[in-house]
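Here is a walk through a protein model, taken one region at a time. Have the structure open and turn it as you read.

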Amino acid sequence: MKVFKENNNIFRLLSEAVSEGIIVVNKDQIIVATNGSACKIFGYDTDELLGKELNVLIPQKYHHSHKGHFKNFVNHSEKRNMGKGRDLFGIRKDGTVFPVEAGLNPFTIYDNEYIMALIIDITERKEQEQQIQELNAQLEKKVEKRTKELHRTIEELKEEVKLRMEAEAKTKESLKKERDLNELKTKFLSLVSHEFKTPLSGILTSATLVGKYTKEEQQEKREKHLETIKSKVKYLNNILNDFLSIERLETGKTSYKYTIFPLSKVINEVVYNANMLLKDGQRINYPDDIDDYILEFDEKILELVLSNLIHNAIKYSGENTTIDLQAGFENNVLTFKIIDQGIGIPEKEQEFIFKRYFRAENALLDQGTGIGLNIVKSHLENLGGTITFTSKENQGSTFEVQIPIVNNHKY
């Protein structure tokens, strides 16, 4: 301390020009010199700190750790920032604790070791840092809030887009259904005009000719034309029944009546009626071992299904061919197979065969409405049954019908 007293004027001259606080301590941590800035920072009068321990400027809770840090610094003396990487605090004369930044500079005079500390009050900086941290925290919260709002908005937009797409899809589907309906109406009108015009012309012609055959010896010719009229009327009646069936199926007015009946009864009636439609050389193979089976099912629907499939087999097969009708029970399922040797169904058109009014290209020259198979499939599905087929063009088709029969037994 004597050294600094003797050179006090020089030290003050140099130190007072510095804005940082300067505190010089000896190896025992006794303050031997200060400048005006240091006294002002810590709230002391000029020279009031001289001879006091350095701990007077350090908060009580940091005394223990400071002692170790100071000793370590003395043993490895080098110019550096004190407390690098740590927050440092000083204490004023009035007990106020405040943040500081300290730079330490060891030096030796007349073989005595000293340490000069450059002290800066960083209270304002820390307040600004705290404000920045608070602003950053607020900003992060705002960003997080806005991000959540953005995500919510995006999700709402996604949902709105989804709803719009669904609405657009429904609109397109409605338009498609409307176009399909218009197309069906067009096909229906064309079909009705064609299918009704031909038999009506035949009826008119036969009726006209019957009126001309007035003599007794012309009875055979009269009967021939009367049979033609009956046949044409029956054909028209069947078409009307098909149209009525479609109307009832679409409106849900179709009702089914389960009765108990022999399987052979239905097959006999179907085959009997079909025999009158056979072409030259055509024949129907009757199924084996069905005479003793009794069913509980809708008899009229079963007759409609078998009649439609067998009539199609006859219509689309040539002369001198065989229609094979097979029937059998297994696991409470009644299975029918109708196998023909006819024109078959082109592969590219097979997926449409059950659609209403559809007719394959190779069948357009034959009479037909294109609704029979659609009606058959609808009735079977309503009753829990199925219909499938395999076909090869010019080689024939096989239609398979499966119907669940809960109550059946054999005499």
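Let's start at a spot that is easy to find from the outside: Asp-111 counts as exposed, with a relative accessibility of 75%. This residue sits in the loop between S5 and strand S6 (112–121). Its backbone is worth a look too, since phi of Asp-111 is near 65°, a positive value in a residue other than glycine. Keep in mind throughout that you are looking at a predicted model.

Asp-111 has a counterpart further along the chain. Asn-332 also has a positive phi without being glycine, here near 60°. You'll find Asn-332 in the loop between S10 and S11. Its relative accessibility is 48%, so Asn-332 counts as partly exposed. If you are collecting positive phi values, add Gly-384, which comes just after H9 and has a phi of about 85°.

Now zoom out for the overall picture. The protein has nine helices and 14 strands. Of its 411 residues, 35% are buried. The accessible surface comes to about 26500 Å², and carbon and sulfur atoms account for 51% of that. As for how the chain meets itself, take the contacts between residues at least 6 apart in sequence: 60% of them join residues at least 24 apart.

Next, the inside. Which residues touch the most other members of the largest nonpolar core? They are Leu-263, Leu-302, Phe-336 and Ile-338, in a core of 39 residues. Several elements give two or more residues to this core: helices H7 (263–275), H8 (299–315) and H9 (372–382), along with strands S9 (293–297), S10 (322–330), S11 (333–339), S12 (386–392) and S13 (396–404). H8 supplies the largest share, eight residues.

Phe-336 makes a good place to center the view. Setting aside neighbours within four places in sequence, Phe-336 is in contact with Leu-263, Ile-267, Leu-302, Leu-306, Leu-325, Gln-326, Ala-327, Phe-399, Glu-400, Val-401 and Ile-403. Apart from this core lies another one, with 19 residues, including Phe-42, Leu-54, Ile-58 and Phe-98.

Back to H8, and to the way it sits against H9. The two helices pack at an angle of about 150°, with their axes 10 Å apart, and the crossing is left-handed. On the H8 side, Ile-301, Leu-304, Val-305, Asn-308, Leu-309 and Asn-312 meet Gly-372, Leu-373, Ile-375, Val-376, His-379 and Leu-380 of H9. Which residues of H9 are buried? Gly-372, Leu-373, Asn-374, Ile-375, Val-376, His-379 and Leu-380 are.

H9 also carries a charged pair. Lys-377 and Glu-381 meet through their side chains in a salt bridge, with 2.4 Å from N to O. The two residues are four apart in H9, so about one helical turn separates them. Lys-377 counts as partly exposed, with a relative accessibility of 25%.

Elsewhere, salt bridges with shared partners tie Asp-87, Lys-126 and Glu-129 into one network. A search of the whole structure turns up twelve salt bridges.

Two more of these pairs involve helix H5, and they make a nice contrast in how they are placed along the chain. The first joins the side chains of Arg-125 and Glu-101, at 2.9 Å from N to O. This pair links distant parts of the chain, with Arg-125 in helix H5 (residues 123–212) and Glu-101 in strand S5 (residues 97–109), 24 residues apart. Arg-125 has a relative accessible area of 36%, which means that it is partly exposed. Glu-101 is partly exposed as well, at 34%.

The other pair stays within the helix. Lys-158 and Glu-155 form a salt bridge between their side chains, at 3.8 Å from N to O. Both residues lie in H5, three residues apart, or about one turn of the helix. Is Lys-158 exposed or buried? Lys-158 is exposed, with a relative accessible area of 52%, while Glu-155 is partly exposed at 47%. Those two labels rest on a cut-off, because a residue counts as exposed when its relative accessible area is over 50%.

Terms used
Residues are numbered from 1 along each chain as its sequence is written. This is a predicted model: local features need pLDDT of at least 70, side-chain atom pairs count only at pLDDT 80 or more; totals for chains, interfaces and linings use all residues. Side-chain values use heavy atoms; hydrogens and water are left out. A nonpolar core is a set of buried Ala, Val, Leu, Ile, Met, Phe, Trp, Tyr and Cys residues joined through side-chain atoms within 4.5 Å. Buried means under 20% relative accessible area, exposed over 50%, partly exposed in between (1.4 Å probe, protein chains only). Contact means heavy atoms within 4.5 Å. Accessible areas come from the Shrake-Rupley method with a 1.4 Å probe; for residues, only the protein chains shown count as cover. A salt bridge is a side-chain nitrogen of Lys or Arg within 4 Å of a carboxyl oxygen of Asp or Glu. Axes are lines fitted to C-alpha atoms, for helices over the stretch in contact, and angles run from 0 to 180 degrees between N-to-C directions. A crossing is left-handed if the near helix is turned anticlockwise from the far one by less than a right angle, and right-handed if clockwise.
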